Amino acid sequence: ERLPSASEVSGLAELFKLLGDPTRLRILYALVETGEMCVCDLAAAVGAAETSVSHALRLLRMSGIVRSRRDGRMAYYAIEDHHVRLVLDLAAEHLRHGDDR
């Protein structure tokens with residue numbers, strides 16, 4: 001009874017796949033810290049090509065993790081769901097806890 005449904009487990013697996021990429025994680029950390037950034041600034045911040053960052057943002061946007069807004073020709077990205085910060089913080093705490101053993 002207490003186990004998550006098959007669809008919940010599938011959704012969690014997809015979320016962890018998205019978070020399993022180092023570039024996407026760096027993008028999320030940058031957005032958590034700054035609030036909103038354009039692709040060119042994100043690329044510089046995470047040390048990746050703009051095309052890689054654009055692709056990662058497309059996946060994150062389609063999954064509802066980030067949102068975009070247009071200002072003229074520029075698109076700016078921000079975290080859509082602030083639970084992402086909690087997930088990142090808990091995962092980092094888990095790693096630190098493992099280092100204490």
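Select Met-37 and Tyr-77 to start: Tyr-77, in β3, is the bridge partner of Met-37. Keep in mind as you click around that this is a predicted model. Now add Cys-38 and Tyr-76, since the bridge partner of Cys-38 in β3 is Tyr-76. Zoom out a little and you have the pairing of β1 with strand β3 (residues 74-79), which is antiparallel and runs over two bridges.

**The sheet**

Next, colour the strands. What is the strand order in the sheet? Reading across, you get β1-β3-β2, an open sheet of three strands with antiparallel pairing. The edge strands are β1 (37-38) and β2 (66-71), each of which pairs on one side only.

Stay with Tyr-77 and add Ser-68: Ser-68 stands opposite Tyr-77 in β3. So far you've met Tyr-77 as the partner of Met-37, and here it turns up across from Ser-68. Over how many bridges do β2 and β3 pair? The count is six, again in the antiparallel sense.

**The hairpin**

Follow β2 along to Asp-71, which stands opposite Met-74 in β3. Select what sits between the strands: this hairpin of β2 and β3 has two residues there. Check the backbone torsions of Gly-72 while you're at it, as Gly-72 takes a positive phi near 70°.

**The helix across the strands**

Show residues 50-62 as a cartoon. That's helix α4, and it lies across β2 and β3. If you like fitting axes, the angle to try is the one between α4 and β2, which comes to about 115°.

**The loop before α4**

Now pick Ala-48, in the loop between α3 (39-46) and α4. Which residues does Ala-48 touch, leaving aside those up to four places away in sequence? Highlight Thr-23, Ala-43 and Val-53, and you have them. For a distance check, draw a line from the C-alpha of Ala-48 to that of Ile-27: the separation is 9.7 Å, with their positions 21 residues apart along the chain.

**Over to α1**

Jump to helix α1 (residues 6-19) and select Leu-15, which is found there. Is Leu-15 buried or partly exposed? Its relative accessibility is 26%, so Leu-15 counts as partly exposed; the buried class would need a value under 20%. Try one more C-alpha distance, from Leu-15 to Ser-52: they are 37 residues apart along the chain and separated by 19 Å.

**The whole chain**

Finally, clear the selection and look at everything. The secondary structure comes to five helices and three strands, and along the sequence the pattern reads α-α-β-α-α-β-β-α. Laid out along the principal axes, the C-alpha atoms fill a box of roughly 50 × 35 × 20 Å.

Switch on a surface and you're looking at about 7100 Å² exposed, with carbon and sulfur atoms supplying 54% of it. Of the 101 residues, 27% count as buried. If you build a contact map, take the contacts between residues at least 6 apart in sequence: 48% of them join residues at least 24 apart.

Last stop, the charges. Colour the 13 positive and 15 negative side chains, then place a marker at the centre of each set; the two markers should lie 5 Å apart.

Key: Residues numbered from 1 in each chain as written. Predicted model: local features only at pLDDT ≥ 70, side-chain atom pairs only at ≥ 80, totals over all residues. Heavy atoms only, no water. Helix = DSSP H or I, 4+ residues; strand = E, 2+ residues; numbered from the N terminus. Buried < 20%, exposed > 50% of the residue type's maximum accessible area, 1.4 Å probe, protein only. Contact = heavy atoms within 4.5 Å. Areas by Shrake-Rupley, 256 points an atom, 1.4 Å probe, with all protein chains shown as cover. Lys, Arg positive; Asp, Glu negative; His and termini not counted. Charge placed at Lys NZ, Arg CZ, Asp CG, Glu CD. Pairing = 2+ DSSP bridges. Axes fitted to C-alpha atoms, helices over the stretch in contact; angles between N-to-C directions.
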